[in-house]
Amino acid sequence: MRVIGIETSCDETGIAIYDGQRGLLAHVLYSQVALHAEYGGVVPELASRDHVRKVLPLLRQVMVQADTRAVDIQGIAYTAGPGLAGALLVGAAIGRSLAWAWGVSAVAVHHMEGHLLAPLLEDNPPDFPFVALLVSGGHTQLVRVDGVGRYRILGESLDDAAGEAFDKTAKLLGLGYPGGPALARLAAKGHPQRFHFSRPMINRPGLDFSFSGLKTQAVNSVKQHLGEHVPSSASTSDDDQVRADIAHAFQDAVVDTLTIKCQRALSETGLQRLVVSGGVSANTVLRQRLRDMVDTVGAQVYYPRLEFCTDNGAMIAYAGYQRLRAGQAEPLAFSAMPRWSMHDLTPP
Ligand code: KG4
Ligand code: ZN
């Protein structure tokens, strides 16, 4: 079975083709970063309009790359939620229209299920069951995964997601959008001992997270050391060093907290495989610290390749393939779920 995946939930247009026998045949990604940069964040209406412009040209491109014609396709998978309503509707409308025109099945994919299954696209994928840490801009979750669609959420963020906390702290430090990678670059220049931020909720039992307090600690450190004003281009090199030191302390606290909770999740479930996915899983300090942790507890950690940590079409094509293979498909009327809990997912 050959499946097209369409991802349009936020600011990335991703299209891919996955083949049950030959694996991932091709994938293309168009990022809207430049479009939203001048506004300091994603503007939903601009995102929707840009997806409308990009989906079909990218689809043609990926079909040429994969040497695939319409008659070779058996299914269309598209991200149905969670995400921005207008952006989701673009993928849903085009996905279902194509499925109708080509007489094939369509399947609505949960964006976080896409992230969760992304490491299975790599060589030596993990066997089920495993613990998954999903760390994106909208979600931070620890999930016990017993198979496709067999998910139990062990813990999640009670306020900001890890990526959201990265983005907000980056903004505070005068970094542009998207903030996560920029903050990580700045943190690399920071002194480790200058500031120490707390590790939220590690002394309480359970696997939930809270990251909004770290943002407040960053705000207080900025006020105390740099005054009321967000650092500007007029800032001195001393100020630049303070910003780097704050970025370092912030990243260290997030990474440590995630690592402690992953270790706890492995210990509480008795599982020895950890899968880490979503935009923040591209963070090299997090990747290294989790590697060190699993080495000490005798477990293994699995990541998607860097380009599949953040949003992409390949993970949607793969998740859709798994569900279509299990016989799941929907009528061609469609809906999009801007809010959609993984609690509601059932096995295909
Ligand atoms: O999974 P994703 O592409 O989109 C969502 O589903 O939200 O994740 C985007 C998030 C953003 O918050 C971004 O700042 C963060 O992932 N991110 C990073 C890094 N790369 C992306 N955060 C920390 N370090 C990075 N290297
Ligand atoms: Zn995502």
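In this predicted model, Val71 has a relative accessibility of 64% and therefore counts as exposed, the threshold for that class being over 50%. Val71 belongs to the loop that connects helix 2 with strand 4. Its C-alpha atom lies 7.6 Å from that of Trp102, although Val71 and Trp102 are 31 residues apart in sequence.

Helix 2, on the N-terminal side of this loop, comprises 22 residues (44–65). At 1.5 Å a residue, a span of 32 Å is expected for helix 2; because its end C-alpha atoms are 30 Å apart, the two values agree. Helix 2 nevertheless contains a kink of about 35 degrees at Lys54, shortly before the proline Pro57. The residue Asp67, which follows helix 2, has a positive phi, near 50 degrees. Buried positions in helix 2 include Ala47, Ser48, Asp50 and His51, as well as Val55, Leu58, Leu59, Val62 and Met63. The cover over these buried residues includes three strands, namely strand 1 (2–7), strand 2 (12–19) and strand 3 (23–31), together with helix 1 (33–37) and helix 3 (85–102).

Five strands form an open sheet with mixed pairing, in the order 3-2-1-4-5. Strand 3 and strand 5 (105–110) are the edge strands, each pairing on one side only. On average, and with direction ignored, neighbouring strands of this sheet are turned by 20 degrees against each other. Eight bridges connect strand 2 and strand 3, which pair in the antiparallel sense; within this region, Ala16 has His27 of strand 3 as its bridge partner. Helix 3 packs on the sheet, where it touches strand 1, strand 4 (75–81) and strand 5. The direction of helix 3 makes about 160 degrees with that of strand 4.

The zinc ion (ligand 2) is coordinated by NE2 of His111, NE2 of His115 and an OD atom of Asp311, at 2.0 to 2.1 Å. The spacing of these donor residues in sequence is H-x3-H-x195-D. Distant parts of the chain are linked by the pair His115 and Asp311, which are 196 residues apart. His115 is located in helix 4 (residues 111–117), whereas Asp311 occupies the loop between strand 10 (300–302) and helix 10 (314–325). Both His115 and Asp311 are buried.

Definitions and conventions: Residues numbered from 1 in each chain as written. Chains lettered and ligands numbered in written order. Predicted model: local features only at pLDDT ≥ 70, side-chain atom pairs only at ≥ 80, totals over all residues. Heavy atoms only, no water. Donors = N, O, S within 2.8 Å, 3.2 Å for Na, K, Ca; no water. Helix = DSSP H or I, 4+ residues; strand = E, 2+ residues; numbered from the N terminus. Buried < 20%, exposed > 50% of the residue type's maximum accessible area, 1.4 Å probe, protein only. Expected span 1.5 Å × (residues − 1). Bend = angle between axes of the 7 residues up to and from the residue. Contact = heavy atoms within 4.5 Å. Pairing = 2+ DSSP bridges. Axes fitted to C-alpha atoms, helices over the stretch in contact; angles between N-to-C directions.
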